[in-house]
Amino acid sequence: MIVKTSVLASLLKVMPQLRQQVYFKSSLTALSHAMEDQVLAGSEQPLIIACFQRERFYRQEAHRYRRIAQRTHQLYVLAAPETEFKNSSDSHESIAFDPADALSKEWHLVVIGQQYANCLLCREKATPISNRLNSEMDTSRRFEGIWTFDRNVSIKAAELLLNRIEVYRPELADKLQQAKTDYLGELATEGSGFPADSPNPDPFVQRLVTYLQAGQYKLLKAYRSISLQEHRERLVNSITTTIRRSLDPHEVMEIAVQELGRAMGSCRCLIYRCNATDSAAIITHEYLETRDRDGINLCSTVGQQWPLQDNFLFQSIVEHQESLLVEDTQQDPRINHTRAKSANSPSSTLKNLVQTFSMRSWLMVPVLYQGQLLGMVELHHCGEIPYRWKDEELALVEAIATQVGVALIQAQAYANLQDLNQQLEALDRTRSNLVAITGHELRTPLSTVQVCLESLATEPDMSPELRQVMLNTALSDTERMRKLVQDFLTLSRLESGRVEWNLEALSLQECIDLSLSQIRSRWSEGERPQIITQVPDNLPLVRADGEWLVETLAKLLDNACKFTSPQGKVTIDIQYSGNSMLKITVADTGRGIEPNRLEDVFDRFYQEEGALRRTTGGTGLGLAICRQIVKGWGGRIWADSAGKDQGSQFHFTVPIIAPTSESKPSKGKGKRGNKRSEVRG
Ligand code: ADP
């Protein structure tokens with residue numbers, strides 16, 4: 001049977017003068033214990049009716065009630081059963097009511113003796129969801145009702161409860177009637193012998209209850225703040241964990257913007273990358289509610305150029321490195337500056353922004369990492385009513401911004417690491433290449449040297465002519481090996497910046513002569529093409545390191561001879577390149593270079609045939625060395641060719657020391673004033 005009528009409501013109906021009060025659960029526990037202790041400490045045999053909401057609450061007190069039952073035979077305990085509780089008549093009467101019964105929401109304790117009577121009748125208040133710390137948390141439960149020493153109220157309450165018990169357990173009718181006769185017979189009236197509210201609840205007790213309530217309230221507040229903090233930390237943790245899972249900056253910002261926007265309940269949330277000197281940022285990550293608080297559609301900022309340089313708020317954040325809050329964009333003087341006349345003034349920029357995107361309240365939190373601005377988090381509230389961000393909300397957004405900063409730096413570090421890895425891989429490839437070429441370049445001449453020396457050692461009868469040939473071959477191959485090792489060392493010195501440049505005023509003609517003499521000593525007669533020099537008269541001096549300049553010229557000439565048949569032609573030409581440089585060109589009529597390889601030839605170990613199939617000798621390091629050398633005096637080197645078998649032109653520039661107008665030669669080859677000479681081997 002389910003009775004929906006509340007006992008408290010019935011009492012208030014018949015005694016409307018009673019004033020209800022709110023009690024925390026712990027206060028009710030203390031009051032109930034005090035009332036029970038009074039019974040246990042006294043010598044009376046009172047009528048006691050205790051209504052527990054659930055069996056589990058009764059079970060916590062069952063031991064006290066077993067002791068109370070030894071005091072009186074009129075003890076009634078009511079509860080909604082959960083496991084074992086049922087109607088029974090043992091040491092006391094147990095009354096089990098349906099969990100859907102109104103009693104399951106009520107907490108009653110009525111004690112009526114000869115000397116005193118008191119009662120506690122309360123109903124549990126529903127806790128609003130926003131106040132609920134945790135459904136399991138007992139401390140936040142609140143009740144509303146009456147606690148009194150008034151005998152008349154206690155008798156009325158007892159009567160209502162005894163009647164209710166009779167509904168559940170009609171078989172107890174006689175016992176209940178007896179209780180009514182023994183305890184409820186006489187209301188406290190003048191001359192009845194019962195004091196109306198005796199003993200008077202001491203004012204001290206009243207105060208104690210007030211303190212108890214106040215303490216409980218403070219406790220509850222503390223719990224609430226702890227719970228808020230916990231909620232904040234959980235949110236920060238969950239967002240942090242999610243964004244830290246990614247090493248892609250775009251993914252980090254997208255996750256953070258969505259999670260934060262949702263958690264903060266804002267109309268719009270933006271996260272963009274920027275640095276202090278940027279003039280604008282393009283918005284790519286946005287959380288957007290479709291409508292504002294007043295149901296008006298909101299427009300997206302994605303793809304927008306978000307002003308930064310003309311944005312007073314942004315500039316202020318850059319200066320102070322602190323978050324900035326505009327509670328009401330329509331009232332804030334920073335946005336509604338009256339002096340803003342021009343449509344392009346900073347404050348009209350902000351006004352336009354606010355209007356276009358219906359921003360009513362605006363929060364900007366910088367994403368900083370070690371004082372460096374990496375980006376910005378913005379929250380917008382749109383609609384008629386400004387939004388006031390609470391301190392804890394601001395703290396939350398700042399905590400997330402910090403995490404975004406860390407995640408962005410982490411992603412950046414990862415990208416750098418990947419770059420570094422690629423460089424390392426390239427270096428590794430170079431190293432392997434180096435090993436392969438070194439192996440090949442050194443092994444071939446080494447084998448020849450070995451064969452020659454072995455033959456010389458094991459063939460004592462070898463003719464003196466053959467002996468000479470053997471020795472010459474061994475010597476020339478040893479020279480080839482020496483050259484390779486020298487090139488490696490030279491390039492390594494140049495690349496590591498360990499070369500001391502001796503820049504001096506030089507005559508190009510002299511340098512060309514020196515390089516030509518080297519070529520003559522390297523190439524025997526008839527083996528190389530004709531070399532023609534076209535050096536204008538009155539050339540200005542150049543500023544370079546003489547030794548390296550001769551080395552570059554010799555290398556280019558050597559290549560030209562190497563890749564051109566003896567019937568071909570090699571030309572050295574000098575022209576002005578702007579006012580401050582001379583351009584030296586070594587051109588040949590040889591095998592040429594494919595247009596898509598013109599840059600590659602300057603790479604270390606580049607050889608058209610591939611390192612291991614080389615036929616012309618050389619290390620593939622010559623042009624790489626030349627590029628490093630020319631770079632050393634601030635010049636440039638490059639190659640031109642019309643393609644295969646069309647010849648090649650290698651150009652490099654050298655700075656002039658003092659360009660003079662009269663020394664400037666007329667352009668074009670073979671013009672008057674040019675000194676033309678031909679060199680044959
Ligand atoms: P190598 O020791 O192989 O000559 P270089 O660095 O001097 O090394 O040259 C690299 C490659 O560039 C050569 O192997 C060749 O394929 C190409 N190259 C250089 N100079 C010329 C040229 N004058 N004509 C055609 N190809 C050339």
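## A buried ring pair, Tyr58 and Phe85

Tyr58 comes out at 9% relative accessibility, so it counts as buried. Keep in mind while reading on that this is a predicted model. Phe85 is buried too, with a relative accessible area of 10%. Both values sit under the 20% cut-off for that label.

There's a bigger picture to these rings: the count of aromatic pairs here comes to twelve. Tyr58 and Phe85 make one of them, an edge-to-face pair with 5.6 Å centre to centre and 70 degrees between the planes. Tyr58 belongs to helix H3 (residues 55–69), while Phe85 is in the loop between strand E3 (75–80) and strand E4 (88–89), so the pair ties together parts that are 27 residues apart in sequence. These two rings have company as well, since Phe52, Tyr58, Tyr65 and Phe85 form one aromatic cluster.

## A second pair, Trp633 and Phe652

Now for a pair further along, starting with how it is placed: Trp633 is buried, and Phe652 is buried as well. How do the planes of Trp633 and Phe652 sit relative to each other? The pair is tilted, with 50 degrees between the planes and 6.3 Å centre to centre. Trp633 is in the loop between helix H14 (622–632) and strand E21 (637–641), and Phe652 is in strand E22 (residues 648–655), which makes this a link between distant parts of the chain, 19 residues apart.

## Arginines over rings

Two arginines are worth a look while we're on the subject of rings. The charged end of Arg56 sits over the ring of Phe57, at 5.5 Å from its centre. Arg636, for its part, lies over the face of Trp638, and here the distance to the ring centre is 4.0 Å.

## Around the ligand

On to the ligand. Which residues come nearest to it? There are 21 residues around the ligand, and Asn559, Lys562, Asp588, Gln607 and Leu623 are the nearest of them. By class, that shell has eight nonpolar, eight polar and five charged residues. H13 gives the most to it, with four residues.

Some polar contacts can be picked out by atom. In the side chain of Lys562, an N or O atom is 2.8 Å from an oxygen atom of the ligand. Asp588 offers a polar side-chain atom that lies 2.9 Å from a nitrogen atom of the ligand. With Gly620 the backbone is involved: one of its polar backbone atoms is 3.0 Å from an oxygen atom of the ligand. How much of the ligand's accessible area does the protein cover? On its own the ligand has 530 Å² of accessible area, and the protein covers 99% of that. Helix H13 (546–562), H14 and E22 are the elements that give two or more residues to the shell.

## Positive phi outside glycine

Two residues stand out in their backbone angles. Gln321 isn't a glycine, yet its phi is positive, at about 55 degrees. You'll find Gln321 in the loop between helix H8 (312–320) and strand E13 (324–326). Its relative accessibility is 36%, so Gln321 counts as partly exposed.

Asn538 tells a similar story: its phi is positive and near 55 degrees, again in a residue other than glycine. Asn538 is placed in the loop between strand E17 (530–536) and strand E18 (542–545). Is Asn538 buried or exposed? At 61% relative accessibility, Asn538 counts as exposed.

## Separations along the chain and in space

A few residue pairs show how sequence distance compares with C-alpha distance. Thr478, found in helix H11 (residues 464–495), is 36 residues from Leu442 in sequence, with 9.1 Å between their C-alpha atoms. Thr478 is partly exposed, at 37% relative accessibility.

Tyr183 is in helix H5 (residues 173–183) and counts as buried at 12% relative accessibility. Tyr183 and Glu159 are 24 residues apart along the chain, and 9.7 Å separates their C-alpha atoms. Lastly, Arg142 has its place in strand E8 (residues 142–148). Arg142 is partly exposed, with a relative accessible area of 27%. From Arg142 to Cys122 is 20 residues in sequence and 9.6 Å in space, C-alpha to C-alpha.

How values were computed:
Residues are numbered from 1 along each chain as its sequence is written. This is a predicted model: local features need pLDDT of at least 70, side-chain atom pairs count only at pLDDT 80 or more; totals for chains, interfaces and linings use all residues. Side-chain values use heavy atoms; hydrogens and water are left out. Rings of Phe, Tyr and Trp (its six-membered ring) pair if their centres lie within 6.5 Å; planes under 30 degrees apart count as stacked, over 60 as edge-to-face and the rest as tilted. Buried means under 20% relative accessible area, exposed over 50%, partly exposed in between (1.4 Å probe, protein chains only). A charge sits over a ring if NZ of Lys or CZ of Arg is within 6 Å of the ring centre and within 35 degrees of the ring normal. A residue is near a molecule or strand if one of its heavy atoms lies within 4 Å of it. A polar contact is a pair of N or O atoms within 3.5 Å; within protein, one must be able to donate a hydrogen and the other to accept it, and residues adjacent in sequence count only if both atoms are side-chain atoms. Accessible areas come from the Shrake-Rupley method with a 1.4 Å probe; for residues, only the protein chains shown count as cover. Ala, Val, Leu, Ile, Met, Phe, Trp, Tyr, Cys and Pro count as nonpolar, Asp, Glu, Lys and Arg as charged, and the others, Gly among them, as polar.
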